[in-house]
Amino acid sequence: MSFLIVALALVAAQHSVMATCPLPEADQSQDAFERGETCASPGPHRLETGEDDMTAMLQDSRRAVRSHSQTPTARNGGLPKQYTCGLKEKSKLLLMVSSSGVRGPDIKASLDELVSALPAADGTANYAKLKLLEIYDPCMLKSSFWNEADKNFNQTTGMNYEKADISNLNPDLDEYFNYTGIYGKEMMDGSWCYNEWTNSSITGGLKDLGFASHAQVSIMDHMMQPGEFEELVRADLGITGSASAEALMGKLQKRPVPSTLKRLIEEADVFAVCGGNPDLGAFVMRAFPAVAKLLKKKLEKGRAVYMGRS
């Protein structure tokens with residue numbers, strides 16, 4: 001669900017959404033859900049729905065993921081096992097949401113259909129003509145992303161700052177890795193994020209789809225200074241108050257997009273956003289409106305697929 005929140009923050013629920021979101025059935029276990037075995041009929045469909053419907057489906061999905069005891073359906077037509085929805089037929093926006101990446105033939109078929117609609121693909125799912133840009137910002141409040149002593153830092157299929165090619169941000173976060181706050185428990189995000197440049201059969205990744213090229217990026221790495229990122233960490237942990245966070249946001253929102261990041265966005269055919277912290281992902285879109293504008297402009301013209309996992 002984290003990626004869906006970020007995607008809705010980007011499109012502001014005003015444009016078409018073509019999405020595929022596997023959801024659990026009542027008789028399936030958590031392990032089956034994590035393996036992506038809940039995805040049903042291939043290919044994106046379209047529903048006429050409004051902002052209230054999107055909100056209802058998101059809430060319905062959250063309840064299902066928590067309980068694993070119901071099969072949610074869209075309000076304007078039942079679609080068991082997965083949601084696929086479009087707000088306006090005339091929009092060219094191509095959006096895919098999957099809880100388990102591209103794992104399984106149904107999800108792969110949905111992605112193939114979206115990719116085939118790209119101008120660079122010539123009507124076929126020809127990944128060899130396409131450039132992939134992986135975006136790892138939702139990972140960046142996880143201890144395992146920065147802390148080399150974390151048990152998940154070296155996960156074979158996981159992501160950390162070294163693998164993500166973080167070159168600008170080098171914050172000194174040692175004092176925060178074990179910060180427990182007033183509740184007596186560690187406050188940085190736990191667990192770890194998948195490396196999207198791994199094989200689909202193993203992690204639901206994208207490596208074996210045959211892209212012409214790929215790059216890993218953090219928007220914050222291009223748009224923030226190390227001290228500013230540490231300010232963000234302190235605000236997230238509750239060490240500093242809301243006034244500090246608001247001041248940081250005001251400063252970041254005025255920042256132009258550097259040429260290196262702009263070129264990566266303009267050249268990409270597929271944007272793959274990792275799972276992780278949905279609030280952080282939404283923060284990035286609000287904090288850097290110039291970046292969001294670049295993405296939105298390209299997506300509205302149907303010139304790229306925007307996809308990710310929860």
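In which helix does Lys293 lie? Before selecting anything, keep in mind that the structure on the screen is a predicted model. Now select Lys293, and you will find that this residue belongs to helix α13, which covers residues 289-300.

**Stop one: a charged patch**

With Lys293 still highlighted, look at how much of this residue can be reached from outside: its relative accessible area is 64%, and because exposed means over 50%, Lys293 counts as exposed. Next add Lys262, Lys297, Lys301 and Arg303 to the selection, since these residues together with Lys293 form a positive surface patch.

**Stop two: helix α4**

Move on to residues 105-116, which make up helix α4, a helix of 12 residues. From the first C-alpha of α4 to its last the helix reaches 16 Å, which is close to the 16 Å expected at 1.5 Å a residue. Which residues of α4 are buried? Colour Ile107, Ser110, Leu111, Asp112, Leu114 and Val115, for these are the buried residues of this helix.

**Stop three: salt bridges**

How many salt bridges does the count come to? The count comes to six, and the tour visits some of them in turn.

Select Asp122 and Lys129 and show their side chains, which meet in a salt bridge with a distance of 2.4 Å from N to O. Asp122 counts as exposed, at 54% relative accessibility, whereas Lys129 is partly exposed, with a relative accessible area of 41%.

Then select Glu196 and Arg309, whose side chains meet in a salt bridge at 2.8 Å, again given from N to O. Glu196 lies in the loop between α6 (174-177) and α7 (200-203), while Arg309 lies in strand β7 (residues 305-309), so this pair ties together parts that are 113 residues apart in sequence. Are Glu196 and Arg309 buried or exposed? Both Glu196 and Arg309 are buried.

The next pair to select is Arg255 and Glu228, whose side chains meet in a salt bridge of 2.7 Å, N to O. Arg255 is found in the loop between α10 (242-252) and α11 (259-267), and Glu228 in helix α9 (residues 226-236), so the pair ties together parts that are 27 residues apart in sequence. Arg255 is partly exposed, with a relative accessible area of 21%, whereas Glu228 is buried, with a relative accessible area of 7%. Keep both residues on the screen and add Lys251, because a salt bridge is a side-chain nitrogen of Lys or Arg within 4 Å of a carboxyl oxygen of Asp or Glu, and Glu228, Lys251 and Arg255 are linked in a network of such bridges.

**Stop four: two backbone angles**

Most residues other than glycine have a negative phi. With that in mind, select Asp165, which has a positive phi of about 60° although it is not a glycine. Asp165 is placed in the loop between α5 (143-146) and α6, and this residue is partly exposed, with a relative accessible area of 48%.

Ser191 is another residue to select here, for it has a positive phi of about 65° and is not a glycine either. Ser191 lies in the loop between α6 and α7, and at 47% relative accessibility it counts as partly exposed.

**Stop five: pairs that are apart in sequence**

Go back to the loop between α5 and α6 and select Ile166, which is placed there. Ile166 counts as buried, at 13% relative accessibility. Add Tyr136 to the selection: Ile166 and Tyr136 are 30 residues apart in sequence, and their C-alpha atoms are 9.9 Å apart in space.

Now turn to helix α12 (residues 278-287), where Arg286 lies. Arg286 is partly exposed, with a relative accessible area of 47%. If you draw a line from the C-alpha atom of Arg286 to that of Gln253, the separation is 7.6 Å, although these residues are 33 residues apart along the chain.

Gly281 also has its place in helix α12, and at 4% relative accessibility Gly281 counts as buried. Which distance in space separates Gly281 from Ile135, C-alpha to C-alpha? The two are 9.9 Å apart, with their positions 146 residues apart in sequence given as the separation.

Methods: Residues numbered from 1 in each chain as written. Predicted model: local features only at pLDDT ≥ 70, side-chain atom pairs only at ≥ 80, totals over all residues. Heavy atoms only, no water. Patch = residues over 30% accessible without salt bridge, like charges linked within 9 Å, V, L, I, M, F, W, Y side chains within 5 Å. Areas by Shrake-Rupley, 256 points an atom, 1.4 Å probe, with all protein chains shown as cover. Lys, Arg positive; Asp, Glu negative; His and termini not counted. Charge placed at Lys NZ, Arg CZ, Asp CG, Glu CD. Helix = DSSP H or I, 4+ residues; strand = E, 2+ residues; numbered from the N terminus. Buried < 20%, exposed > 50% of the residue type's maximum accessible area, 1.4 Å probe, protein only. Expected span 1.5 Å × (residues − 1).
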